[in-house]
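Let's take a walk through this one together, starting from a single side chain and working outwards. Have the viewer open as you read.

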Amino acid sequence: MPRAALWAILLAMAVLLPFAADLAGQGYYVGFATRVAIFAIAALSLDLILGYGGLVSLGHAAFLGIGAYSVGIWTSHGVTAAPVHWATALAAGGLFALVTGLIALRTAGVAFIMITLAFAQMLFFLAVSLKAYGGDDGLTLWDAARLGPLDLSDDRTLYWVAIAWLVLFLLLGRHLVASRFGLVLQGARSNERRMRALGFDIRRHRLLAYVLSGMAASIAGCLLAHMTDFVSPAYMSWQRSGELVVMVLLGGIGTLHGAILGAAVLLILEEVLAGLTQHWMLILGAILVAMALVARRGLHGLLAALRGRR
Amino acid sequence: MTPLLSVRGLVRRYGALVAVDHVEFTVLPGEVHAVIGPNGAGKSSFLALLAGEARPDAGEIEFAGTNITRLPAFARARLGIARAFQITAVIPDFPVLQNAVLAVLASVGRGFGMGRAAMHDPVLLDGARRLLARVGLAAQESRLAGDLAHGAQRQLELAMALAGRPRLLLLDEPIAGTGPEESRAMVALLQSIRQAPGERPGIVLVEHDLEAVFALADRITVMAEGRVIACDVPDRIRADAAVRAAYLGDDAR
């Protein structure tokens, strides 16, 4: 099957999913699918710097928090226009990435992991100290966000909005990694010294990738707040950052759509296993270890290998 | 003739070790200036200082009338200083063609190029294919660079260094470690580079293969323990007693 047809079918299935859920009398799945789409955006954005830039960030959940608090703070002041929330999140997420990136990108490898983690923790404790916006307990959003005439508290509407953002970011991401910029980013992942000797100021490329990645993840944070009508520091816990890294690795690093696959599979696994036993984390851990051993290139690599064998 | 590159009183220390000790050095336009010396003489450290990968503790480096002592490596590359490393430095997980495209991009592209395709751009592709043809790698453009034979990787690296029509080439042992066939091909390639009309880059050649050095060099600088112990035309270097002593010490080990 040609690639374009495959993508068209997948997109049609994604768009029509709420109707299928209705027919099956399982409206709950729309909310679950929205959650998958949101985390897919976050994982996709992380894959840009992790997979293509070779920069392992353990602080990416900070951007989820920035997006969520952009929605939360505006809503608590009576501003419910989603475009205002989104614009704020893009600006704040981009600025946070710019400032922290300028510092973090002076390092690489383990030091980069530590610094991104540290910045995310700083933001976490900042949110805890924001007593006016719920502090530790978080902030419940009483008013639904609105996108023009659309009410984002409607499950289906929010689902379609999330899918639209996901498709937009996937298209932008694919364009970006195939561009000159993307080529330089990937070259620097592989051989920094050669890239500098060729005359590339690779720190600038990495910083820009980091900013773009942070902006996309901030939108995921907005959508998360729209969905849960609740904002709390827990959105940017370092465990959440780790979960995003696992999604990217599980799906297949440096492929973009692998990140979407990884987000979906991890969330489905969590859901299914949690329904089976309260010791589900043990089983999930075993599955992840097995994946790391047999499929170094993630599910994407596994699928590609199976296709090649046939 | 004004030198293309002139180095004055260059010093680099690593702890108590003085790796480069008050080195004076010049390269004239179109000249091949070889640097030889026993292991640990400071040749690679010296080259790293010229490329901007390490900062000198003292001294000045002037290139084409500009003081570049404080410039980082990427900025020196943009001024026209290209580099091939001792340990071959290509992008191993990119195909050969993509490596060459990257090198051409470095020479033509400014800005980020987020809106511009890379591997479908005829300007980049044509330039890249011309480069590969020049070093004889045209037939291997779709192989992964990391899968090439060692000698072919060296040729690819040299092609990448040539993409920006550099005014100065810094070559760190381009011949060492290659087989006799590959080594002859590399010497021929270097000859063709220095004779190419209109380009004639200055070349700093650090090399252990003395046969190649004597075949290529216009001048030879001999280093030992971080210091320059001789600098002259090849014939006089061959006869120099101090040089013999330095190499005899090396051979005796």
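Start with Leu170(A), which is buried because its relative accessible area is 10%, under the 20% cut-off for that label. Bear in mind that this is a predicted model. Leu170(A) sits in helix 6 of chain A, the stretch running from residue 155 to 178.

So what is Leu170(A) in contact with, once its neighbours within four places in sequence are set aside? The list reads Trp7(A), Leu44(A), Leu256(A), His257(A) and Ile260(A). Gly65(A) makes a handy yardstick here: Leu170(A) and Gly65(A) are 105 residues apart in sequence, and their C-alpha atoms are 21 Å apart in space.

Now let's cross over to the other chain. Chain A and chain B bury about 2,700 Å² between them, with 63% of that on carbon and sulfur atoms. On the chain A side, Arg180(A), Leu183(A) and Arg194(A) supply 32% of the area that chain A buries against chain B, more than any other three residues. Counting residues, the contact takes 26 from chain A and 34 from chain B.

Next, chain B as a whole. It has 9 helices and 10 strands. Its radius of gyration is 18 Å, close to the 18 Å that the globule rule gives for 253 residues, so chain B is as compact as a globular protein of that length. If you'd like a box to picture, the C-alpha atoms of chain B fill one of roughly 55 × 40 × 35 Å along the principal axes. Of the 253 residues in chain B, 55% count as buried. Look at contacts in chain B with a separation of 6 or more, and 67% of them come from residues 24 or more positions apart. As for the outside, chain B exposes about 10,900 Å², and carbon and sulfur atoms supply 53% of that.

Finally, zoom in on a sheet in chain B. This open sheet has 6 strands in the order 6-7-8-3-9-10, and the pairing is mixed. Why do strand 6 (81–84) and strand 10 (227–232) of chain B each have one side without a neighbour in the sheet? They stand at the edges, each with a single partner strand, so there is no neighbour on the other side. From one strand to the next, the twist averages 15°.

Strands of a sheet pair through backbone hydrogen bonds, in either a parallel or an antiparallel sense. For a parallel example, pick out strand 7 (residues 168–172) and strand 8 (residues 202–206) of chain B, which pair over 5 bridges. In that pairing, Leu171(B) has Leu205(B) in strand 8 as its bridge partner.

Definitions and conventions
Residues are numbered from 1 along each chain as its sequence is written. Chains are lettered from A and ligands numbered from 1 in the order in which they are written. This is a predicted model: local features need pLDDT of at least 70, side-chain atom pairs count only at pLDDT 80 or more; totals for chains, interfaces and linings use all residues. Side-chain values use heavy atoms; hydrogens and water are left out. Two strands pair if DSSP finds at least two bridges between them. Helices (H or I, at least four residues) and strands (E, at least two) are DSSP runs, numbered from the N terminus. Axes are lines fitted to C-alpha atoms, for helices over the stretch in contact, and angles run from 0 to 180 degrees between N-to-C directions. The radius of gyration is taken over C-alpha atoms; the globule rule is 2.2 Å times the number of residues to the power 0.38. Buried means under 20% relative accessible area, exposed over 50%, partly exposed in between (1.4 Å probe, protein chains only). Contact means heavy atoms within 4.5 Å. Accessible areas come from the Shrake-Rupley method with a 1.4 Å probe; for residues, only the protein chains shown count as cover. Buried area is the accessible area (1.4 Å probe) that two parts lose on being put together, summed over both.
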